[in-house]
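Thanks for making room on the agenda. I would like to walk through one structure with you, going from charged pairs to helix packing, then to the surface and the backbone.

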Amino acid sequence: MAKNNVRPFKIAVPDESLDLLRSKLELATFPVEVDFSDVNKYGASRSEVKRLAEYWKNGFDWRTQEARLNNMPQYTTAVKVDGFDDLNIHFIHQRGKSPDSIPLLFCHGWPGSFLEVTKILPLLTNPKDGPSFHVVAPSLPNFGFSDRVKEEGFSICHYAQAAHKVMLNLGYDKYGKLTQGGDWGFFITRSIGAQFPESCLASHINMQMIFPGLWNASRFGLYYLLKWFTKPESEGLSRLGWYLKEGSGYLSEQSTKPLTLGFSLADSPVGLLAWIYEKLRDWTDDYPWTDDEILTWVSIYQFSKAGPAASVQIYYEARHTESIETRKTLQYVSVPLGVSCFPKDISPIPIAFCNALGPLVFQKRHAQGGHFAAYEKPELLVDDVRGMFGEGGGAYSIAEQLRVAASSASRIY
């Protein structure tokens, strides 16, 4: 048995699963074509989804993508989350070039996966100069190649416990953390900071959300009346307004009736493709998606260990199970915080308001990029993280503590 139950892992989707996918795509039925079938404001484009489905069936080579993903060092480990059965968690673990590299937890959201770490992995672990990082990127429970949670009530604090225990199983008792694109990674790593501040010594986020209490609402009102918002900040608030009015329908369904939606996601590859493709298109800053990128992204859901329906359960549990705990992640957490803002994210609020989240030690607003910043703009995101932890950065002294802890800890991978 491997130390701490950490075992090497390779993705190996059974041939039967590939055959079943092709059979379902062969039998797919598409909506009747109308004048607005390809008007993006109505949702996923019929012609684009149909074209992608045809390529998924007859051209896309999953085995090539699988082999590429298997070039990354992958493992699984068993973790115990209070009140639930043990969970086997899949994760990427790439060691930095330096023995005193800083441990960094990368946490995805929906409709993301561990795939989003692929572009920043070499930049963080093998930089030309400055700090390097030991990067750990788990598949969250119910996602990718991690276990399905079979009990009710598995919410934000439990996802945080699972990710934290992956780090402990690797010997990283103290670590920094990076949340990818925000999304659930924002909430989960914020929860880690609140629950385990002795281990999480610093946090970097690239989504901005705050609790809409009286004080924050009053500040927004004052800034608006006095016209203190800059043009990029005003555009960010307009983007948030668009999201709330036109882009958040999925949120209502996944937060209230995830099982009903799950039948379509589990049974229909075309339905799953359309559901995710719409977000990849709408939540990015004109990112030039290739067909292989889109279908690899969706295939990780299609072939996930828990099944494609399991991933949306997090929305219901976060809304219903522990609203107080979830709200805490939007309030002040006393972990030094870095913030990167990208204009086409879904909630690019003014960075100045993020001091309501914690002690700001780094902040930067970018002119390009969207929700999946690690995948869209990997160089920009990595520059921010390295700037935060590097010499002269706001978290440099914390990085020194992390380097000492990393170099003195026992490592087996």
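In helix α2, the side chains of E54 and K57 meet in a salt bridge, with 3.4 Å from N to O, and I should say at once that this comes from a predicted model. Because E54 and K57 are 3 residues apart in that helix, about one helical turn separates them. Their surroundings can be stated with some care: E54 is partly exposed, at a relative accessible area of 41%, whereas K57, at 16%, is buried, since buried here means under 20%.

How many salt bridges does the count come to? The count comes to 14, and I will pick out two further pairs.

The side chains of R386 and D129 also meet in a salt bridge, at 3.3 Å from N to O. R386 sits in helix α16, residues 378–389, while D129 belongs to the loop between α4 (121–125) and β5 (133–138), so this pair ties together parts that are 257 residues apart in sequence. R386 is buried, with a relative accessible area of 17%, but D129 counts as exposed at 53%.

The other pair is R63 with D15, where the closest N and O atoms of the salt bridge are 2.6 Å apart. R63 lies in helix α3, residues 62–69, and D15 in helix α1, so parts 48 residues apart in sequence are tied together by this contact. R63 is partly exposed, with a relative accessible area of 29%, and D15 is partly exposed as well, at 48%. The pair also belongs to a network, in which D15, R63 and E66 are linked by salt bridges.

Let me return to α2 and its packing. How are α2 and helix α12 oriented where they pack, and what is the angle? The angle between α2 and α12, the latter covering residues 291–302, is about 75 degrees, and their axes lie 11 Å apart. That makes the two helices roughly perpendicular, because angles of 65 to 115 degrees are classed that way. On the α2 side the contact is made by R51, L52, Y55 and W56, and on the α12 side by D291, D292, I294, L295, V298, S299 and Q302.

Now to the surface, where V32, V34, F36, V39 and Y42 form a nonpolar patch whose accessible area together is about 490 Å². One member of the patch, F36, lies in the loop between α1 (15–26) and α2 (46–58), and at 42% relative accessibility F36 counts as partly exposed.

Finally, the backbone, where three places deserve a look. The peptide bond from W110 to P111 is cis, with omega near 5 degrees, and P111 lies in the loop between β4 (102–107) and α4.

The other two places concern phi. N142 is not a glycine, yet its phi is positive, at about 80 degrees; N142 is found in the loop between β5 and α5 (156–169), and it is buried, with a relative accessible area of 2%. K227, again a residue other than glycine, has a positive phi near 55 degrees. K227 is found in the loop between α7 (214–225) and α8 (231–247), and, with a relative accessible area of 73%, K227 is exposed.

That is where I will stop, and I am happy to go back to any of these places on the screen.

Key. Residues numbered from 1 in each chain as written. Predicted model: local features only at pLDDT ≥ 70, side-chain atom pairs only at ≥ 80, totals over all residues. Heavy atoms only, no water. Patch = residues over 30% accessible without salt bridge, like charges linked within 9 Å, V, L, I, M, F, W, Y side chains within 5 Å. Areas by Shrake-Rupley, 256 points an atom, 1.4 Å probe, with all protein chains shown as cover. Salt bridge = Lys/Arg side-chain N within 4 Å of Asp/Glu carboxyl O. Helix = DSSP H or I, 4+ residues; strand = E, 2+ residues; numbered from the N terminus. Buried < 20%, exposed > 50% of the residue type's maximum accessible area, 1.4 Å probe, protein only. Axes fitted to C-alpha atoms, helices over the stretch in contact; angles between N-to-C directions. Parallel < 35°, antiparallel > 145°, perpendicular 65-115°, else oblique. Contact = heavy atoms within 4.5 Å.
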